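Hi,

Here is the structure I promised to pass on. Have a look at it first, and then read on for what turned up.

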Amino acid sequence: MAKMKHQELLKGLIRLHILHHASQEEFYGQWMIHELARHGYTLSPGTLYPMLHALERSGYLKSKRKRLGRTFRRLYRATALGREANRVAKIQVRELIGELHGSRRSAGA
Ligand SMILES: [Zn+2]
């Protein structure tokens, strides 16, 4: 993501995207990299994993190691706090989208 333009601003949206999927199902890092790429976000493992770890430290995600043949894979999913944050974020994103689409009166109108 070092090459991605406006990365600091977009990081918030990427976090919300991660939280959205984590609230629905377990995922592993490589899957999330592909999923985010599908949405136009180019992230390297070196950018994604620190984000996942930070979300885990903040209590929004939990992870566990799962054996896969001879290797291990770390699976992530949302905690109760993460699901709550996802609900709040959803409301706020809907609010923002309404504004971006001009479906609300502007302030002072
Ligand atoms: Zn998605």
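Which residue follows α3, and is its phi positive or negative? The residue is Gly 59, and its phi is positive, near 90°. Before you go further, bear in mind that this is a predicted model.

First, the overall picture. The protein chain has 109 residues, and 15% of them count as buried. Its secondary structure adds up to 4 helices and 3 strands, arranged along the sequence as α-β-α-α-β-β-α. Along the principal axes, the C-alpha atoms fit a box of roughly 65 × 35 × 20 Å. Among contacts with a separation of 6 or more, 47% are between residues 24 or more positions apart.

Now the sheet. The 3 strands form an open sheet in the order β1-β3-β2, paired antiparallel. β1 and β2 are at the edges with a single partner strand each, so one side of each has no neighbour in the sheet. Strand β2 (residues 61-68) is joined to β3 by 8 bridges, and one pairing to look for is Lys 66 with Arg 73 in β3. The hairpin of β2 and β3 has 2 residues between the strands, and Gly 69 there has a positive phi near 65°. On the other side of the pairing list, strand β1 (residues 27-28) is joined to β3 (residues 71-78) by 2 bridges, again antiparallel. If you want a residue to click on there, Phe 27 sits opposite Tyr 76 in β3.

What lies across these strands, and at what angle to β3? That would be α1, which lies across β1, β2 and β3 and runs at about 100° to β3.

The core is worth a look too. The largest nonpolar core has 14 residues, and those with the most contacts inside it are Ile 18, Leu 19, Ala 22, Leu 55, Tyr 60, Leu 61 and Ala 78. At least two of the core residues come from each of α1 (7-24), α3 and β3, with α1 giving the largest share, 4 residues. As background, nonpolar side chains in soluble globular proteins tend to be buried together. Ala 78 is a handy one to centre your view on: setting aside neighbours within four places in sequence, this residue is in contact with Leu 19, Ala 22, Ser 23, Tyr 60, Leu 61, Arg 83 and Asn 86.

Last, two of the helices. Helix α3 (residues 45-57) has 13 residues and reaches 18 Å from its first C-alpha to its last, close to the 18 Å expected at 1.5 Å a residue. Helix α4 (residues 80-100) has 21 residues, and its reach of 30 Å from first C-alpha to last is close to the 30 Å expected at 1.5 Å a residue.

How many of the 21 residues of α4 are buried? The count is 2, and α4 is hardly covered. Like α3 with Gly 59, α4 is followed by a glycine with a positive phi: Gly 102, near 70°.

Happy to go over any of this when you have had a look.

Cheers

How values were computed: Residues numbered from 1 in each chain as written. Predicted model: local features only at pLDDT ≥ 70, side-chain atom pairs only at ≥ 80, totals over all residues. Pairing = 2+ DSSP bridges. Expected span 1.5 Å × (residues − 1). Core = buried A, V, L, I, M, F, W, Y, C linked by C-beta atoms within 7 Å. Buried ≥ 20, exposed ≤ 12 C-beta atoms within 10 Å, placed from the backbone. Contact = placed C-beta atoms within 7 Å. Axes fitted to C-alpha atoms, helices over the stretch in contact; angles between N-to-C directions.
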